[in-house]
Amino acid sequence: DTDGAISVLQNAVVIDPNYANAHFFLAVSYATKRDFPRAITELETVGAISEENRAAVATHITDLQAGRNPFP
């Protein structure tokens with residue numbers, strides 16, 4: 001239920017904007033629906049939380065920018 005997951009995860013990041021895991025899985029959900037711009041935005045938010053996160057999501061962002069879903 002991707003739409004249900006998106007709804008729950010959107011609420012989670014409203015409650016806690018620094019909840020990196022919720023942003024990450026929201027990005028995965030958007031990518032599943034091929035909404036790559038929103039997925040990129042969520043991953044950029046994850047990266048802004050810490051340098052470690054930024055490094056962890058960099059390849060995913062590059063893939064999404066190239067029109068590839070890194071979350072098969």
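Student: What covers the buried residues of α2?

Tutor: This is a predicted model, so read each feature as a prediction. The cover over the buried residues of α2 includes α1 (2–15), α3 and α4.

Student: Which residues of α2 are buried?

Tutor: They are A20, A22, H23, L26, A27, V28, S29, Y30 and A31.

Student: How do I check the length of α2?

Tutor: Use the rise of 1.5 Å a residue. For the 13 residues of α2 the expected span is 18 Å, and the end C-alpha atoms are 18 Å apart, so the two agree.

Student: What does that check give for α3?

Tutor: Helix α3 covers residues 36–49, which is 14 residues. The expected span is 20 Å, and the end C-alpha atoms lie 20 Å apart, so α3 agrees too.

Student: Which residues of α3 are buried, and where do they sit around the axis?

Tutor: The buried set is F36, A39, I40, E42, L43, V46 and G47. Their arc around the axis is only 165 degrees, so they are on the same side of α3. P37 and A48, on the other side, are exposed.

Student: What do the buried residues of α3 pack against?

Tutor: Two helices: α2 (20–32) and α4 (51–65).

Student: How are α2 and α3 oriented, parallel or antiparallel?

Tutor: Look at the angle between their N-to-C directions; over 145 degrees counts as roughly antiparallel. Here the packing angle is about 160 degrees, and the axes are 8 Å apart. The pair is therefore roughly antiparallel. The crossing of α2 past α3 is left-handed.

Student: Which residues make the contact?

Tutor: From α2 come A20, H23, F24, L26, A27, Y30 and A31. From α3 come F36, R38, A39, E42, L43, T45, V46 and I49.

Student: What should I look for in the backbone of the loop between α2 and α3?

Tutor: Check the sign of phi. Most residues other than glycine have a negative phi. R34, in the loop between α2 and α3, has a positive phi of about 65 degrees although it is not a glycine.

Student: Is R34 buried or exposed?

Tutor: Compare its relative accessibility with the cut-off: exposed means over 50%. R34 has 56%, so it counts as exposed.

Student: Where does T59 lie, and is it buried or exposed?

Tutor: T59 lies in helix α4. Its relative accessible area is 52%, so T59 is exposed.

Student: How far is T59 from P70?

Tutor: Their C-alpha atoms are separated by 8.4 Å. Along the chain, T59 and P70 are 11 residues apart.

Terms used
Residues are numbered from 1 along each chain as its sequence is written. This is a predicted model: local features need pLDDT of at least 70, side-chain atom pairs count only at pLDDT 80 or more; totals for chains, interfaces and linings use all residues. Side-chain values use heavy atoms; hydrogens and water are left out. Helices (H or I, at least four residues) and strands (E, at least two) are DSSP runs, numbered from the N terminus. The expected span of a helix is 1.5 Å times one less than its number of residues. Buried means under 20% relative accessible area, exposed over 50%, partly exposed in between (1.4 Å probe, protein chains only). The arc is that of the directions from the helix axis to the C-beta atoms. Contact means heavy atoms within 4.5 Å. Axes are lines fitted to C-alpha atoms, for helices over the stretch in contact, and angles run from 0 to 180 degrees between N-to-C directions. Angles under 35 degrees count as roughly parallel, over 145 as roughly antiparallel, 65 to 115 as roughly perpendicular and the rest as oblique. A crossing is left-handed if the near helix is turned anticlockwise from the far one by less than a right angle, and right-handed if clockwise.
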